[in-house]
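Reader: I would like to learn how to read the features of a model like this one, step by step. Where should we begin?

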Amino acid sequence: MNKINGKFAKLPTTNAVSQTSMRVAVGLSGGVDSAVSAYLLKKQGFDVSCIYLICYDSDIPGCRGDNDRKDALAVAMHLGLPFQVLDFRQAYQTAVIDYFK
């Protein structure tokens, strides 16, 4: 059993990757789904790196960006995985927000 968010959950078992470790990047959002994905990939033998994307300023009312980033970092540290923050604010503004104006 593994403890996730204070509750015990039985995670599925899978066969380990038999080939040389394949590198993968997991986008950690600070939520459970991406955290479990990172855990399962590591458990299967993948060489996992964690990425957190900043897509907009966290000073927007109701935005949880700072908390989400802290949660994502805590998951990466707990799993012993490298963690990197990438700033996509300008690209997101141009490709998504401005497109719908």
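Author: Let us begin with accessibility, where a residue counts as buried under 20% relative accessible area, as exposed over 50%, and as partly exposed in between. The model before us is predicted, and in it Cys55 has a relative accessibility of 21%, so Cys55 counts as partly exposed. Cys50, in contrast, is buried, with a relative accessible area of 1%.

Reader: With those cysteines in view, how many disulfides does a search of the whole structure find?

Author: A disulfide is a pair of cysteine sulfur atoms within 2.5 Å, and a search of the whole structure finds zero of them.

Reader: How is the protein chain built up, in helices and strands, and in what order do the elements run?

Author: The secondary structure comes to three helices and five strands, and, read from the N terminus, the order of the elements is β-β-β-α-β-α-β-α. Of the 101 residues of the chain, 21% count as buried.

Reader: Which residues make up the largest nonpolar core?

Author: The general idea is that, in soluble globular proteins, nonpolar side chains tend to be buried together. Here the largest nonpolar core has twelve residues in all, namely Val26, Leu28, Ala38, Phe46, Val48, Cys50, Tyr52, Ile54, Ala72, Ala76, Leu79 and Leu81. Both β4 and α2 supply at least two residues of this core, and the largest share, four residues, comes from β4.

Reader: How should I read the aromatic pairs, and how many does the structure hold?

Author: One looks at the distance between ring centres and then at the angle between the planes, where under 30 degrees counts as stacked, over 60 as edge-to-face and the rest as tilted. The structure holds two such pairs. In one of them, the ring centres of Tyr56 and Tyr92 are 6.3 Å apart and the planes stand at 50°, so this pair is tilted. Tyr56 belongs to the loop between β4 (47-54) and α2 (65-79), while Tyr92 belongs to helix α3 (residues 89-97), so the pair ties together parts that are 36 residues apart in sequence. Both rings belong to partly exposed residues, since Tyr56 has a relative accessible area of 46% and Tyr92 has a relative accessibility of 28%.

Reader: Why is the pair of Tyr99 and Phe100 edge-to-face, and are these two residues buried or exposed?

Author: The ring centres of Tyr99 and Phe100 are 5.0 Å apart and their planes stand at 85°, so the pair is edge-to-face. Tyr99 counts as exposed at 62% relative accessibility, and Phe100 is exposed as well, with a relative accessible area of 65%.

Reader: Turning to the second largest pocket, what is its volume, and which residues lie nearest its centre?

Author: A pocket can be described by its volume and then by its lining. The volume of the second largest pocket is about 180 Å³, and of the 14 residues that line this pocket, Tyr52, Leu53, Cys55, Tyr56 and Gly65 lie nearest its centre. The elements that give two or more residues to this lining are β4 and α2, with the largest share, four residues, coming from α2. By residue class, the lining divides into six nonpolar, two polar and six charged.

Reader: Where is Gly65 placed, and how far is its C-alpha atom from that of Leu53?

Author: Gly65 is in helix α2 and counts as buried at 13% relative accessibility. The C-alpha atoms of Gly65 and Leu53 are separated by 9.6 Å, while the two residues are twelve residues apart along the chain.

Technical notes
Residues numbered from 1 in each chain as written. Predicted model: local features only at pLDDT ≥ 70, side-chain atom pairs only at ≥ 80, totals over all residues. Heavy atoms only, no water. Phe/Tyr/Trp six-rings, centres within 6.5 Å; stacked < 30°, edge-to-face > 60°. Buried < 20%, exposed > 50% of the residue type's maximum accessible area, 1.4 Å probe, protein only. 1 Å grid on protein atoms, 1.4 Å probe; cavity = no way out; pocket = protein on both sides within 12 Å on 5 of 7 lines; lining within 4 Å. Points joined across faces, edges and corners; volume = space filled by probe spheres on them. Nonpolar A, V, L, I, M, F, W, Y, C, P; charged D, E, K, R; others polar. Core = buried A, V, L, I, M, F, W, Y, C linked by side-chain atoms within 4.5 Å.
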